[in-house]
Amino acid sequence: MGEKGAIYSTEEELIEKAKKLKGKKFKDIDKTGRIANQKAKGRLGQIIEESHFGYEINSRAEADFKELNVELKVTPYKLNKNGTVSAKERLVLNIIDYMTEVDKGFYTSSFWLKNNKLLLVFYRYEEGLDVGDYRVTDTLIFEVPEEDLPTVRQDWEFIVEKIKQGKAHELSEGDTFYLGACPKGKDSSSVRPQPYSDIPAMQRAYAFKQSYMTHILRTRVLGQSTEKLIKDERTSIQRYVDKKLSPIIGRTLNELCEEYGQVDSAKNVVQLLMSKVFGIKGTDLSKIEEFEKANIKIKTIRVENDNKIRESMSFPTFKFKEIVETPWEESDLKNILGEQKYLFLVFKKDENDELVFKGYRFWNMPYQDLLEVKKVYERTVDILKEGVRIEEQVTKKGIIRKNNLPSMKDNPVCHVRPHGANAADVYELPDGRLMTKQCFWLNNGYVLNQIKNLID
DNA sequence: GCATGATCATGC
DNA sequence: GCATGATCATGC
């Protein structure tokens, strides 16, 4: 087989060879028995590298196809119940060496040098299927498109800036838009040193977010199109949103509706108005390409004129029997809060009860606060395991049930409260009793703190 | 007045 | 019918 690294002399040759993977199952690709004998996560990539492309396995910092500067990545997707497809996971790239990455520039960074050209091999994941029966369906040479480059670059700079501030241990995937710093290691005890702090930081790798991978899959492989927010300009999401929203700070909702020709005063008036401010055709801001790619949720926050927020912010209901079996690190809540990015649009009632646009901010939960949520989650699991206490009180309105799950007073960040169609909307408890569906809520006071600097 | 339980509205 | 975001109701 000759010198490794000399097998494919041109990209075209490599692409042709890659195409032969299409339609094949891993058990038919594998010539060395890895599929049966190896449990490690990276084995599917190794099978393709070794059995299909004829390379010895290595973990060098250089690209897999060194002479072409192409890195091989094997990645799963899934079919959703509603007929769409999604990436099954984020695409994990190289581990971040905090000690050396801070001295690099974007184009000399380990991220760029190793990953600026990828050979993506997509396979379809199906629950219950043997790994050997997973099938490769598509291959693609991928380079970050020019339109995404300003945002990816800003993401990289954000990560490096955090390391420079001695906060590598506070990195979170939700900090950034397309390129994230995701946990990489056996568990949270896998740590490594950082240059500007003595606190060991969780080992992390660069990763294209799952939402970004879903976008690549849908547009580049399936040829679907979505509505772009940023059309011609070479700018990042953050800067584009700044440009559109900062000029309207201080204006009243009524003024803005008049100016933008938003006559409908429906409940979702803010969403409709903002669609016009951003100049998109549709009315669903979260469907905008850039927001989908970055997994951004838009939330309107309404502040009363006494500077309070009336309502807390809810999350999806949880199933009691499921969360008692799920450790925090694997929980849906941790995944949402660790990866989700929000765009808060803040309106406040003035002295005449008129809503004024006070400002906006991209937000994701800071690391310290995530630790508080962890406490509440684990306390909830403990109470459910011990057997939650439910007391029934008969009142004029009917029966009211009280419980001892973590409440707003117990934690500054979040609490547990009912969330169903009504009190009869129940799930089964671990002990067999039925209880009104519950979910975690962010305390209204906590949410207020996150946007306090926008409201005077 | 606030914390907590209950329910509505909407979209798929 | 259900998930999810939003909001109401009331006893302490």
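Glu 173 of chain A counts as buried because its relative accessibility is 4% (buried means under 20% relative accessible area, exposed over 50%, and partly exposed in between, with a 1.4 Å probe and protein chains only). This is a predicted model, in which local features need pLDDT of at least 70 and side-chain atom pairs count only at pLDDT 80 or more, while totals for chains, interfaces and linings use all residues. Residues are numbered from 1 along each chain as its sequence is written, chains are lettered from A and ligands numbered from 1 in the order in which they are written, and side-chain values use heavy atoms, with hydrogens and water left out.

**Glu 173 and its surroundings**

- Glu 173 sits in the loop between α7 and β6 (helices are DSSP runs of H or I with at least four residues, strands are runs of E with at least two, and both are numbered from the N terminus).
- Which residues does Glu 173 contact, leaving aside its neighbours within four places in sequence? They are Arg 90, Gly 180, Ala 181, Cys 182, Pro 183, Arg 204, Lys 209, Gly 338 and Glu 339 (contact means heavy atoms within 4.5 Å).
- One of these contacts, Arg 204, is 31 residues from Glu 173 along the chain, and the C-alpha atoms of the two are separated by 9.7 Å.
- The side chain of Glu 173 also forms a salt bridge with that of Arg 90, at 2.8 Å from N to O (a salt bridge is a side-chain nitrogen of Lys or Arg within 4 Å of a carboxyl oxygen of Asp or Glu).
- Glu 173 lies in the loop between α7 (149–164) and β6 (179–183), and Arg 90 in the loop between β2 (85–87) and β3 (91–95), so this pair ties together parts that are 83 residues apart in sequence.
- Arg 90 has a relative accessible area of 25%, so this residue is partly exposed.

**Other salt bridges**

- The structure holds 27 salt bridges.
- One of them joins the side chains of Lys 88 and Glu 89, with 3.3 Å from N to O.
- Lys 88 is partly exposed because its relative accessibility is 26%, and Glu 89 is partly exposed because its relative accessibility is 36%.
- Another salt bridge joins Glu 157 to Arg 153, at 3.2 Å from N to O.
- Why are Glu 157 and Arg 153 separated by about one helical turn? They are four residues apart in helix α7.
- Glu 157 has a relative accessible area of 37% and is therefore partly exposed; Arg 153, with 34%, is partly exposed as well.
- Glu 147, Asp 148, Lys 228, Glu 289 and Lys 293 are joined into one network by salt bridges that share partners.

**A buried lysine in helix α7**

- Lys 162 belongs to helix α7.
- Is Lys 162 buried or exposed? With a relative accessible area of 14%, Lys 162 is buried.
- Apart from neighbours within four places in sequence, Lys 162 is in contact with Lys 167, Ala 168, Glu 170, Leu 171 and Asp 175.

**Positive phi angles**

- Most residues other than glycine have a negative phi.
- Asn 69 is not a glycine, yet its phi is positive, near 55°.
- Asn 69 is placed in the loop between α4 (43–52) and β1 (71–79), and its relative accessibility of 33% makes it partly exposed.
- Asn 295 is another residue that has a positive phi without being a glycine, with a value of about 60°.
- Asn 295 is in the loop between α12 (289–293) and β10 (296–303), and its relative accessible area of 28% makes it partly exposed.

**The chain as a whole**

- Chain A contains 16 helices and 19 strands.
- Of its 456 residues, 48% count as buried.
- The radius of gyration of chain A is 25 Å, which agrees with the value near 23 Å for a compact globule of 456 residues (the radius is taken over C-alpha atoms, and the globule rule is 2.2 Å times the number of residues to the power 0.38).
- Along the principal axes, the C-alpha atoms of chain A fill a box of roughly 85 × 55 × 50 Å.
- Among contacts between residues at least 6 apart in sequence, 67% join residues at least 24 apart.
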